[in-house]
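Thanks for making time this morning. I would like to walk you through one structure, slowly and step by step, and I will put it on the screen now.

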Amino acid sequence: MRIEEDLKLGFSDVLFRPKRSTLNSRSQVELNREFVFKHSGRRWSGVPIIAANMDTVATFEMTCALAKHNILTAVHKHYSVEEWQAFVNSQTRDTLQHVIVSSGISDADFEKLQQILAISSELNFICIDVANGYSEHFTAFVQRVRKQFPKHTIIAGNVVTGEMVEELILSGADIVKVGIGPGSVCTTRVKTGVGYPQLSAIIECADAAHGLDGQIIGDGGCTCPGDVAKAFGGGADFVMLGGMLAAHEECGGELVERDGKRYMNFYGMSSSSAMGKHSGGVAKYRAAEGKTVQLPYRGPVESTIQDILGGVRSTCTYVGAARLKELTKRTTFIRVREQENNVYGKE
């Protein structure tokens, strides 16, 4: 047993220190980024925000809404091949270029992944997603997918430490998904005692990935636009959002009405709700590591996206970053014990 003494940080532990800026307006900030991915060699340009691959968030409908803003969606893995076929046939080339196809790591998942990708050559992104990215089986699956799909851009995760980021990139991942336990409907830290504060995980994993010409996704922990900006400031190339995009018209959660108000169900993909829906219940050898909540229904996602993008642009003006790419270079975080004045409650 050993103990690491240095303190690890979450988003609520810091604020940006403002700096002089030559920017006159938020409209001058460029949020698009361009990447050339290490293994696939593909070039991508867009706003580096991704809808998380949860069946209550990353639907085909959400994909279409976010594609209008040049944002990616990691479509959840529970659509059938037939549903994928119908979706692909109904969409434009531009929309399909904003689609990430998600997969688990079983042989059946591999077979289904092949069938989906065969539908269209415009499906260029793969997300290999597990809760625990530290297993040898996971690394071997990444290698298998890379061998089968050498020209596709592969996302793999989740992990929170630099050495595992390096191993996954060397195994064929272009982008590594970072985050264990920070999600709003994730209970992994409570059930297992395992985790890593998200901002420190991003800072350390970004350093490891960039040294190998790879990228990372900060996955989980964002509760407001300021957190999204902090993730980018800490070095995340992409930021994945679940709870912030939940309970919208485009989501897959069940709508319920209570006391004259509408709510939408939102749950973690390791929750009993998700496993009951997709796996016939929680297996006897494991515990559910997610919870189910009811969120006030928020209507179309458009206004939420505008709020997120506007907040990140504003951050950039406060620190003098004309482009999102410059934000991490312009970032100085200060440690704090308070974030906001809540005397009248939260917004």
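**Loop residues and a central strand**

Let me begin with Asp259, which is exposed, with a relative accessible area of 73%. Please keep in mind throughout that what you see is a predicted model. Asp259 sits in the loop between β11 and β12, the latter covering residues 261-267, and its phi is near 55 degrees, a positive value in a residue other than glycine. The reason for pausing on this is a general one: most residues other than glycine have a negative phi, and most peptide bonds are trans.

Now, a second residue of this kind is Ala247, which is not a glycine and yet has a positive phi of about 65 degrees. You will find Ala247 in the loop that lies between β10 and β11, where β11 is residues 255-258. Is Ala247 buried or exposed? Ala247 is buried, with a relative accessible area of 1%, whereas Asp259, as I said, is exposed.

There is also a peptide bond to look at, the one joining Gly157 and Asn158, which is cis, with omega at about 20 degrees. Asn158 has its place in strand β7, which covers residues 153-159.

Let me turn to strand β3, residues 43-51, and ask how many of its nine residues are buried. Seven of the nine are, and the strand is therefore mostly covered, buried here meaning under 20% relative accessible area.

Which strands, then, pair with β3? Taking them in order along the chain, strand β2, residues 33-36, pairs with β3 in the antiparallel sense over four bridges, and within that pairing Phe35 has Trp44 of β3 as its bridge partner. β2 and β3 together form a hairpin, with six residues between the two strands, and in the turn Gly41 has a positive phi of about 75 degrees.

Strand β4, residues 71-75, runs parallel to β3 and is joined to it by three bridges; here the bridge partner of Ala51 is Thr73, which belongs to β4. Strand β10, residues 238-241, also pairs with β3 in the parallel sense, over three bridges, and in this pairing Ile49 stands opposite Val239 of β10.

To bring the two parts of this talk together, β10, which pairs with β3, is also the strand that comes before the loop holding Ala247.

Note on methods
Residues are numbered from 1 along each chain as its sequence is written. This is a predicted model: local features need pLDDT of at least 70, side-chain atom pairs count only at pLDDT 80 or more; totals for chains, interfaces and linings use all residues. Side-chain values use heavy atoms; hydrogens and water are left out. Buried means under 20% relative accessible area, exposed over 50%, partly exposed in between (1.4 Å probe, protein chains only). Two strands pair if DSSP finds at least two bridges between them.
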